[in-house]
Amino acid sequence: MQWIGLLGGVASGKSLVARQLADLGAGVLDADRAGHEVLRLPEIIEASRQKWGERVIGPDGQVDRAELAKVVFAATTDGVAQRKYLEKLTHPAIARALQAQADALAASGVEMVVLDAPLILEASWDKLCRRLVFVDAPQEARLARALARGWTEEEFAAREAAQHSLECKRERADVVIDNSGTPEHTRAQIERLWQDFVETD
């Protein structure tokens, strides 16, 4: 099975690219979904309670992701330290969940999967990928998309600052997809990309 990793800034359209590749036959490994599942594991809930107290535990006994985000994305040195702790706590379990997703897809006959994960480089998951695709979009477009999701400008900036720079991601990528236009414009690039992947594998 071949893994394709998606890189890009916050709200650059990586999920759109993943869906379009899925339409062409790829499986999708969703790290956000895996991350949500991991936060429901009893051992992760208890570790979060021990580290950050009841403030990050909701009335249902689950980790309150919004409250946790306020802690780990705080624009302070302590925020960085808390985020590093969370990553050390959750990334191994997320990696296992992603591998389980990949195994299930492989068992169903899928030969190529797309890894849609915001922290591919930070978690060293790029080492699992045969190719890395950078999804490019102007900052103003990305910010508008983030605001439409209900984020604030501060939250957008904090999420962006928590990741490798756009320059680093672009340099690491094998291919760049321009997602500044319409979905149809992006789709045309994805179809050419898919054909290239199929022909070279």
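Student: In this predicted model, how many aromatic pairs does the count come to?
Tutor: Rings of Phe, Tyr and Trp are paired if their centres lie within 6.5 Å. Trp52 and Tyr85 meet this condition, with 5.5 Å from centre to centre. By this rule the count comes to one aromatic pair.

Student: What is the geometry of the pair formed by Trp52 and Tyr85?
Tutor: A pair of aromatic rings is described by the distance of the centres and the angle of the planes. For Trp52 and Tyr85 the planes are 85° apart. Because planes over 60 degrees apart count as edge-to-face, the pair of Trp52 and Tyr85 is edge-to-face.

Student: How many residues apart in sequence are the parts that this pair ties together?
Tutor: Trp52 belongs to helix H3, whereas Tyr85 belongs to helix H5. The pair therefore ties together parts whose separation in sequence is 33 residues.

Student: Is Tyr85 buried, partly exposed or exposed?
Tutor: Its partner Trp52 has a relative accessible area of 11% and is buried. Tyr85 has a relative accessibility of 31%. Since buried means under 20% and exposed means over 50%, Tyr85 counts as partly exposed.

Student: Where around helix H3 do its buried residues lie?
Tutor: In H3, which spans residues 42-52, the buried residues are Ile44, Ile45, Ala47, Ser48 and Trp52. They cover an arc of only 165° around the axis, so they lie on the same side of H3.

Student: Which residues are exposed on the other side of H3?
Tutor: The buried residues of H3 are covered by elements that include helix H2 (31-38), helix H4 (65-72) and helix H5 (77-107). On the other side of H3, the exposed residues are Pro42, Glu43 and Gln50.

Student: How are H4 and H5 oriented to each other?
Tutor: Two packed helices are described by the angle between their axes and the distance between the axes. The axes of H4 and H5 are 7 Å apart, and the packing angle is about 125°. In the contact, Leu68, Val71 and Val72 of H4 meet Gly79, Gln82, Arg83 and Leu86 of H5. That angle is neither over 145 degrees nor in the range 65 to 115, and H4 and H5 are therefore oblique to each other.

Student: At what distance from the ring centre of Trp151 does Arg159 lie?
Tutor: The charged end of Arg149 sits over the ring of Trp151, at 5.9 Å from its centre. Arg159 also lies over the face of Trp151, and its distance from the ring centre is 5.0 Å.

Student: How far apart in space are Leu29 and Val114?
Tutor: Leu29 is part of strand E2 (residues 27-30) and counts as buried, at 0% relative accessibility. Beyond its neighbours within four places in sequence, Leu29 is in contact with residues including Trp3, Leu98, Val113 and Val114. Leu29 and Val114 are 85 residues apart in sequence, yet their C-alpha to C-alpha distance is 5.9 Å.

Student: What is the phi of Ala11?
Tutor: Most residues other than glycine have a negative phi. Ala11 is placed in the loop between strand E1 (2-8) and helix H1 (14-23), and it is buried at a relative accessible area of 5%. Its phi is positive, near 60°.

Student: Which relative accessible area does Ser124 have?
Tutor: Ser124, in the loop between strand E3 (112-116) and strand E4 (131-136), has a positive phi near 65°. Ser124 is partly exposed, with a relative accessible area of 34%.

Conventions
Residues numbered from 1 in each chain as written. Predicted model: local features only at pLDDT ≥ 70, side-chain atom pairs only at ≥ 80, totals over all residues. Heavy atoms only, no water. Buried < 20%, exposed > 50% of the residue type's maximum accessible area, 1.4 Å probe, protein only. Helix = DSSP H or I, 4+ residues; strand = E, 2+ residues; numbered from the N terminus. Arc of directions from axis to C-beta. Contact = heavy atoms within 4.5 Å. Phe/Tyr/Trp six-rings, centres within 6.5 Å; stacked < 30°, edge-to-face > 60°. Lys NZ or Arg CZ within 6 Å of the ring centre and 35° of its normal. Axes fitted to C-alpha atoms, helices over the stretch in contact; angles between N-to-C directions. Parallel < 35°, antiparallel > 145°, perpendicular 65-115°, else oblique.
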